[in-house]
Amino acid sequence: MTEDARDTAERKMQFLFALRSKGVTDTRVLTAMEKIDRGPFIRGYFAERAYEDMPLPIACGQTISQPSVVGLMTQALRVAPRDKVLEVGTGSGYQAAILSQLARRVYTVDRHRRLVREAGEIFRRLDLTNITAVTADGSFGLPDQAPFDRIIVTAAAEDPPGPLLAQLKIGGIMVLPVGQSDTVQSLIRVTRREESFDYDELRPVRFVPLVEGLGRDG
Ligand code: SAH
């Protein structure tokens, strides 16, 4: 093995170890995160830090989430192989790529056209053909493709947006950060029952805000 290959193997092992030690224990989620390399989703200066358990800056002033948070959210979503999943907040595309390994179909939307285009390029390069990336204001969901088995939101709103609750199937699960400020947010899981919704509070988190309308670039 070359020194480079050994370094990469060791960094990957540390990456998986960090995930486990932060509570990501679901084998399917760990396998997906082992398979999907975070490197291609981070461009430029920060690329060399791809295997650290840290959020990092991406284009349009946004961030790629911390890998352990991606793992915990994916785990909380309890995705089954036949599921149709909606992600609001494509960002780098990393979370969508992880979901693509666990679900039948993934729709991911972002308000920034550039992020959608760049993530789409990576999906094509990696041959992740079950992901569709769309430029849209995700607070309205994706009515054309609704209802969804699972919805994940990777930007924080004050409350779960009504259209997203409406686009969840009965028995469906939505995982999202909610909070009134940039600093105090909770990750919650919403489960749709026949006539009501169950809410579980999972952990404190910190996400960029869910913003109305399309980005100025798109
Ligand atoms: N899941 C991403 C990280 C998302 S960062 C990843 O794996 O890299 C949050 C993203 O939510 C940003 O890209 C931001 O543009 C997007 N966003 C914020 N408000 C939105 C809205 N109303 N509709 C769609 N996307 C939104």
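Student: Helices are DSSP runs of H or I with at least four residues, strands are DSSP runs of E with at least two, and both are numbered from the N terminus. So how many helices and strands does the protein chain have?

Tutor: It has 6 helices and 9 strands. One caution early on: this is a predicted model, local features need pLDDT of at least 70, side-chain atom pairs count only at pLDDT 80 or more, and totals for chains, interfaces and linings use all residues. Residues are numbered from 1 along each chain as its sequence is written, and side-chain values use heavy atoms, with hydrogens and water left out.

Student: What is the radius of gyration of the protein chain?

Tutor: The radius of gyration is 17 Å, and the globule rule also gives 17 Å for 218 residues, so the chain is as compact as a globular protein of that length. That radius is taken over C-alpha atoms, and the rule is 2.2 Å times the number of residues to the power 0.38. Along the principal axes, the C-alpha atoms fill a box of roughly 60 × 40 × 35 Å.

Student: What percentage of the residues count as buried?

Tutor: Of the 218 residues, 50% are buried. Buried means under 20% relative accessible area, exposed means over 50%, and partly exposed is in between (1.4 Å probe, protein chains only).

Student: And how much area does the protein chain expose?

Tutor: About 10,900 Å², with carbon and sulfur atoms supplying 49% of it. The areas come from the Shrake-Rupley method with a 1.4 Å probe; for residues, only the protein chains shown count as cover.

Student: Contacts next. What share comes from residues 24 or more positions apart?

Tutor: Those pairs make up 55% of the contacts with a separation of 6 or more. Contact means heavy atoms within 4.5 Å.

Student: Take Val153. Where does it lie?

Tutor: Val153 sits in strand S6. Its relative accessible area is 1%, so it is buried.

Student: Which residues is Val153 in contact with?

Tutor: Leaving aside neighbours within four places in sequence, Val153 touches Met73, Val88, Leu164, Met174, Val175, Leu176, Pro177 and Leu210. Take Val88: 65 residues separate it from Val153 in sequence, yet the C-alpha atoms are 4.7 Å apart.

Student: Backbone now. Which peptide bond is cis?

Tutor: Ala146 to Pro147, with omega near 0 degrees. Pro147 is in the loop between strand S5 (131-135) and strand S6 (148-153). For background, most peptide bonds are trans, and most residues other than glycine have a negative phi.

Student: What about the phi of Asp127?

Tutor: Positive, near 65 degrees, and Asp127 is not a glycine. It belongs to the loop between helix H5 (113-125) and S5. Asp127 is exposed, at 59% relative accessible area. Arg78 also has a positive phi, about 50 degrees. Its place is the loop between helix H3 (67-77) and strand S3 (84-88).

Student: On to charges. How far apart are the mean positions of the positive and negative charges?

Tutor: They are 3 Å apart, for 29 positive and 29 negative charges. Lys and Arg count as positive, Asp and Glu as negative; His and the chain ends are not counted. Each charge is placed at NZ of Lys, CZ of Arg, CG of Asp or CD of Glu.

Student: How many salt bridges in the whole structure?

Tutor: The search finds 9. A salt bridge needs a side-chain nitrogen of Lys or Arg within 4 Å of a carboxyl oxygen of Asp or Glu.

Student: What does Lys22 form a salt bridge with?

Tutor: Asp53, with the closest N and O atoms 2.7 Å apart. The pair links distant parts of the chain, 31 residues apart: Lys22 is in the loop between helix H1 (3-21) and helix H2 (27-35), and Asp53 is in the loop between H2 and strand S1 (56-57).

Student: Lys22: what is its relative accessibility?

Tutor: 40%, so Lys22 is partly exposed. Asp53 has 18% and counts as buried.

Student: And which residue pairs with Arg150?

Tutor: Asp83, at 3.7 Å between the closest N and O atoms. Arg150 is in strand S6 and Asp83 in the loop between H3 and S3, so the bridge ties together parts 67 residues apart in sequence. Arg150 is buried at 11%, and Asp83 is buried at 8%.

Student: Which residues are linked in a network of salt bridges?

Tutor: Arg43, Arg114, Glu118 and Glu121.
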